[in-house]
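Open the model in your viewer and keep the sequence panel visible. The tour below goes from one selection to the next.

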Amino acid sequence: MVALATLAGCSKSTQEHKPGQALASVNGQEITVLQLNEEMARANVQPAQQEAARKQLLQVLVDRQLLQTEAEKEKLDRDPKVVQAVERAKSLIIAQAYLQKHIGNVAKPGKQEVEDYFNKNPQFFSNRKQYVMNELLVSGANMTDELKAASDSAHGLDELAAWLDSHKIPYQRGQVTRSTSDMPVELSNKLASTPKGQLFVVREPQRALFLAVSEVKDAPVTLATAAPQIEQFLLNKKNKEAAEAELARLRSTAKIEYLNGQTAPATTGPGAPGAAATAAAPEATTTAAADGSTERGVAGLK
């Protein structure tokens, strides 16, 4: 509500309308200032772009109302799948509102907390390194035992590429630069002990990456540069822990029965992976990237 009030105060045209006043009518269905302000808040519109954004988002609301009206004429709002999706969205929004109310005032980490995290994780900051790697990308469907054996015996990417050519296996060449602050810890540790040019493979669900380090650079990050991201990471961590603690409290006081042969998950207490985030989606308290870098709060440092 504070965000909506702020947006309402930033635009002269918004000031000229009372909340709820209609801005357009679509076949008798009004679109109000309040609806438009909500769209602008969700879009995080900057002050300099508000006038243009208002016109665009108003048109979005008009188009959405047109589609909704036609869908209701065709009784799509009664389709079981649509009803289920609406109920799910409602449940998620209400759950998120509850968590926001009860954990929304978690104290921001202090300067000393940020500095301690910086000092305890030199591999992400003061001792941060960048690895320049050449790579061959192969579809996961082509990752056979024969290819694995060929990669184990190959003396570098060029030799492996020649083998792929001779066996008519398609691949893509590329080069990627990754730092120790935005790659999985396991890969970071592996690279630290891998000589330049030595071939190694990283398997993913849909593909396999054959990599060889071509260059290693020192890329330290200062506390001043890293502090905003560390602060956000620590705040996210506190929010997640608070959400999981609240869920644990609710579980302990609730009567929960698993029916039709269902059993409770192996881990249900605080710290259960993704428990709070799943309950609070779509605007989860904290998220983690597939490579774990967001989880550490240091992704994207240059």
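This is a predicted model. Begin by selecting Tyr98, Leu99 and Ile103 in helix 5, which meet Asn239, Ala242, Ala243, Glu246, Arg249 and Leu250 in helix 10. Sorted by class, this contact has 6 nonpolar, 1 polar and 2 charged residues.

Now show both helices in full: helix 5 covers residues 80–103 and helix 10 covers residues 223–253. Their axes are 10 Å apart and the packing angle is about 110 degrees. Helix 5 is therefore roughly perpendicular to helix 10, since angles of 65 to 115 degrees count as such.

Next, select the sheet. Its 4 strands are arranged in the order 4-3-6-5, as an open sheet with antiparallel pairing. Strand 4 (172–179) and strand 5 (199–203) are the edge strands, each pairing on one side only. On average, neighbouring strands are turned by 35 degrees against each other, direction ignored.

Zoom in on strands 3 and 4, which are antiparallel and joined by 8 bridges. Here Met133 stands opposite Val176 in strand 4.

Add helix 9 (residues 185–192), which packs on the sheet and touches strand 3, strand 5 and strand 6. Helix 7 lies across strand 3, strand 5 and strand 6 as well, and runs at about 150 degrees to strand 5.

Last stop: the largest nonpolar core, with 16 residues. Select Leu136, Leu147, Leu160, Leu164 and Phe210, which touch the most other members. Helix 8 (157–166) is among the elements that each supply at least two core residues, and its 5 residues are the largest share. Finish on Leu160: beyond its neighbours within four places in sequence, its contacts include Leu136, Ala150, Leu199 and Phe210.

Terms used:
Residues are numbered from 1 along each chain as its sequence is written. This is a predicted model: local features need pLDDT of at least 70, side-chain atom pairs count only at pLDDT 80 or more; totals for chains, interfaces and linings use all residues. Side-chain values use heavy atoms; hydrogens and water are left out. A nonpolar core is a set of buried Ala, Val, Leu, Ile, Met, Phe, Trp, Tyr and Cys residues joined through side-chain atoms within 4.5 Å. Buried means under 20% relative accessible area, exposed over 50%, partly exposed in between (1.4 Å probe, protein chains only). Contact means heavy atoms within 4.5 Å. Axes are lines fitted to C-alpha atoms, for helices over the stretch in contact, and angles run from 0 to 180 degrees between N-to-C directions. Angles under 35 degrees count as roughly parallel, over 145 as roughly antiparallel, 65 to 115 as roughly perpendicular and the rest as oblique. Ala, Val, Leu, Ile, Met, Phe, Trp, Tyr, Cys and Pro count as nonpolar, Asp, Glu, Lys and Arg as charged, and the others, Gly among them, as polar. Two strands pair if DSSP finds at least two bridges between them.
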